[in-house]
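This report describes one sheet and one helix of a protein chain. Please look at the sequence and the structure before reading on.

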Amino acid sequence: MSDNVDKIRTMLTEEKWTRSTIANYTITSFQELDEFLMTVDKDDEHEIKQICDDHLAHTKNSIMALYISGVLSIARHPLDDSSLLQLVELFEENKKWNIVEFLCQKILTNNESRYALRALAECYAATGKENEKYSVWERLVKVDYEEVDIVKAIAEWYEKNGDIENALFYYKRAILRYLNAKDFSAIQTLWSKFLTLIGDDFGYLMGLVDRVASKLGDDKAVVLLIDLYDTSGDDMERKITVLKRVLEFNPQDLKAREALVACYQEKYKEHSRLTACIEKSGLLQNYRDVHTAIDVFEKNIAFDKGTFVFHKSWGIGRIREIANEKVMIDFATKRGHEMSMDMAFNSLQVLPKSHIWVLKSAVPKEKLAHKIKTDIPWALRTLISSNGDGASFKAMKAEVVPSILTQSEWTQWTPLARKELMSNPLFDISSTEADTYIVRTTPISYEEKQLNIFKAEKNFYEKVRLLREFIASKGDLESDSFIEMVRYFNDQMASADRSGDIVISSYMLINELRNGKYHLSFIQPSTDVTFADLYRNLPDKVATFKAIKDSELNKTFIDGVVDVDPENWQTVLLKLFPHYLTSYIPETFREQGKSKVLLQLLKDSADSYKEDPETFLYLVRAYNQKQWDKAGVSYEKLLLTELQLLDYAFRCIENGKAVSENRKYTKLLMTLLFDEKAVTKYINAGDEAAAQKVYSLIEDMVGLDMGQKIEVKHQIIEKFPALFKEEERVDRNNLIPTGLLCTQASLDAKKKELDHIMNVELPEVAKEIGTAREMGDLRENSEYKYGKEKQGLLNTQMRKLSEELDRAQVITPEMVDASKIGFGTKVQLKNNLDDTEITYRIMGPWESNPSQNIISFLAPLGTRLLNHVPGDTVKFTINEQQYDFTVLSVEALTW
């Protein structure tokens with residue numbers, strides 16, 4: 001038992017016998033307890049907390065026990081603030097406001113507790129600190145989504161102080177909360193204020209009307225619309241929009257119908273056919289369907305002198321004259337064509353002057369191209385509205401490429417257009433057609449646009465990512481959009497089929513939102529199912545875990561297994577580990593006091609390296625030799641296992657088995673064994689028997705470079721010369737070079753290439769990716785995908801070039817040894833198989849050009865020829881082809 005454990009027992013006893021009261025406590029008293037806790041070892045914390053909890057069982061208002069237990073609780077679990085809140089209540093009752101403030105701040109350093117925030121606000125109110133109170137209230141309403149009146153009070157406070165921007169922010173938040181609470185009376189009060197403060201923000205007001213209709217019914221929305229109409233003054237467009245919306249909610253509203261006719265008459269009072277259009281539409285006949293009447297009127301009124309039209313056979317035309325129920329149109333190939341009004345009405349499509357077809361027929365190509373490239377919002381509005389108020393990038397491209405823009409110009413324009421579509425509130429994504437964008441008459445909020453992206457996404461785990469992004473980007477968590485996203489996962493959780501990953505992932509996500517770091521307690525699960533219930537129903541737990549494509553949910557699943565499956569969790573986690581190669585599962589074993597299981601995992605991975613090379617290599621990288629030794633895997637066994645895996649991976653590649661994966665393994669193993677000098681260190685530290693084991697493995701390795709094999713052999717001979725016969729020993733001067741020999745010109749060219757990749761190409765592609773990413777997660781975002789692929793290729797190319805430059809050794813003509821075949825030599829050979837002669841120039845991989853008989857000394861053919869002298873006969877096989885040469889001559893090259 002430690003001194004601190006004894007000390008806490010003594011302190012609690014003294015508090016009890018001295019009958020310390022609330023009046024005796026000051027902030028200094030608690031600061032002294034904090035100083036004591038700083039001296040407590042981690043190992044003693046659990047025991048000290050248990051002593052305090054036991055003490056509270058019979059002395060429930062022990063201030064010392066409550067404080068120490070509370071501080072230790074929030075240190076481990078920030079949401080566990082019950083003991084400190086109990087203290088806050090005790091000091092509130094006694095009006096010890098300075099201590100209330102101290103305790104609340106202590107809680108709030110770990111967690112934005114709504115209870116602590118309320119208490120702190122009451123403390124500031126009691127002590128006359130109004131500014132501090134409102135500041136705390138602002139924090140409170142961010143975590144208490146059911147609080148409404150305080151939100152309104154904050155708005156009124158800002159308005160009183162002349163800060164209209166912040167006042168409107170909180171008024172808008174208040175009206176949404178009243179909407180969720182279905183308090184229409186409060187909504188009406190704030191609506192009147194909005195008409196005064198933001199009467200010109202027509203888009204927001206109309207959007208709010210739609211929300212009211214959705215939540216409270218069409219009749220309530222009509223009440224608000226009438227108020228909006230009454231405050232619209234002489235703005236006929238606005239009045240017509242309001243009245244049409246009223247008639248959408250209530251088609252039988254005769255007053256709205258009469259008012260709409262009056263507004264049309266005012267708007268089109270100069271139109272030559274106004275009276276005829278109204279009569280033809282049936283707007284004045286109350287028995288006629290009002291929506292049909294409006295459509296007929298608006299289509300009819302569009303027919304006027306000067307209007308552009310489209311005919312499927314004659315193309316673009318313009319109305320020259322309308323008289324006596326006849327329409328005369330000038331088409332490009334058919335001028336002065338006359339049609340009856342009925343014929344024209346049925347066969348012609350009226351085009352606004354802004355339609356892209358009209359623009360292409362009337363505006364010079366160069367001027368139109370310049371406008372599209374320099375005014376992207378205008379271009380998007382034009383292309384989308386010209387395509388029936390909904391267009392994909394494919395449709396837009398078909399309209400402008402190559403008739404207006406070149407393919408290159410389109411490629412440069414597209415990412416800028418995507419950015420505009422995502423940031424401009426007057427553009428939206430269709431909720432019914434994938435990859436289709438629309439133009440809005442009223443602005444869309446960020447929340448609504450993200451919901452439309454969410455709805456269009458088909459992949460479940462992409463939806464999870466979008467929800468997390470919404471929260472991270474500080475989207476409004478009280479908005480209908482967020483609630484609808486959450487509802488999707490709630491609906492998935494309530495599915496009758498609970499055997500797959502979707503249901504349990506939905507449960508874990510909802511639980512994370514409610515009880516995890518977000519603490520959104522207003523979210524209610526659609527069912528009272530538990531993780532244990534869902535876990536028991538899984539037919540294949542490993543397959544389910546593997547299907548979960550979200551790292552946070554993977555972790556939650558692992559934690560859940562530990563909690564609900566005490567008998568089998570270790571076995572299950574060992575099966576999950578190959579599908580989640582991170583430190584999380586090993587750390588879980590460690591935290592649960594099961595380090596022996598982790599050691600067994602290391603041993604098993606070394607024993608089964610062929611069956612699961614990826615797990616073995618992850619563990620090799622993640623754990624040092626000390627931990628492998630504890631697992632019973634010596635340094636020698638680990639290194640020999642790595643060599644055996646390298647040999648196995650080379651053979652798999654040669655046989656065409658899982659080539660991509662095995663190339664990845666060989667690359668990592670080559671780094672571990674040779675680049676990081678593991679083999680060299682082992683040879684230098686070991687005995688002859690160890691060196692012999694290594695050499696036998698390396699010598700038989702099919703895919704290992706011959707130069708690498710000879711280098712290892714030389715290292716062994718230098719330390720253990722007796723291992724090889726004289727004729728088997730390696731002459732250091734005849735080694736195949738393991739560096740990358742090159743000319744100065746080639747080195748300069750490669751440096752220039754690397755510089756261009758690092759300072760030109762990578763920054764350019766990073767900028768392109770950044771621009772594309774700002775567009776959001778669009779399924780048709782080919783620029784983002786292409787950019788990422790290009791970035792990956794450039795990074796690979798850059799790493800390869802950097803590695804090669806690190807190994808590069810410049811050779812000058814003066815350094816060439818012309819007595820034998822090597823870098824910088826010209827060699828004449830006799831082919832003994834067909835009695836012909838051939839000449840090769842031996843250079844490095846950077847200078848190599850096989851079509852001109854310039855071969856690399858590192859290529860299979862070059863490697864076989866190296867170090868031979870005139871008169872030597874060389875026989876070998878490459879890729880099952882026999883070679884038999886006699887070296888005729890060797891001479892130095894010049895460059």
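Strands β3 and β4 form a hairpin with five residues between them, and G336 in the turn has a positive phi of about 70°. The model is predicted: local features need pLDDT of at least 70, side-chain atom pairs count only at pLDDT 80 or more, and totals for chains, interfaces and linings use all residues. Residues are numbered from 1 along each chain as its sequence is written, and side-chain values use heavy atoms, with hydrogens and water left out.

Strands (E, at least two residues) and helices (H or I, at least four) are DSSP runs, numbered from the N terminus. Two strands pair if DSSP finds at least two bridges between them. A second hairpin joins β2 and β3 with two residues between them; N324 in its turn has a positive phi of about 50°.

| Strands | Sense | Bridges |
|---|---|---|
| β3 (residues 326-331) and β4 | antiparallel | four bridges |
| β2 (residues 315-323) and β3 | antiparallel | six bridges |

Between β3 and β4, I329 stands opposite H337, and M328 has E338 as its bridge partner. On the β2 side, R318 stands opposite D330 in β3. Five of the six residues of β3 are buried, that is, under 20% relative accessible area with a 1.4 Å probe, protein chains only.

These strands belong to an open, antiparallel sheet of five, in the order β4-β3-β2-β1-β5. Its edge strands, β4 (337-340) and β5 (349-351), each pair on one side only.

Elsewhere, helix α36 (residues 635-654) has 20 residues. Its buried residues include L638, F650 and C652. Just after α36, G656 takes a positive phi of about 70°.

Conventions: Expected span 1.5 Å × (residues − 1). Buried < 20%, exposed > 50% of the residue type's maximum accessible area, 1.4 Å probe, protein only.
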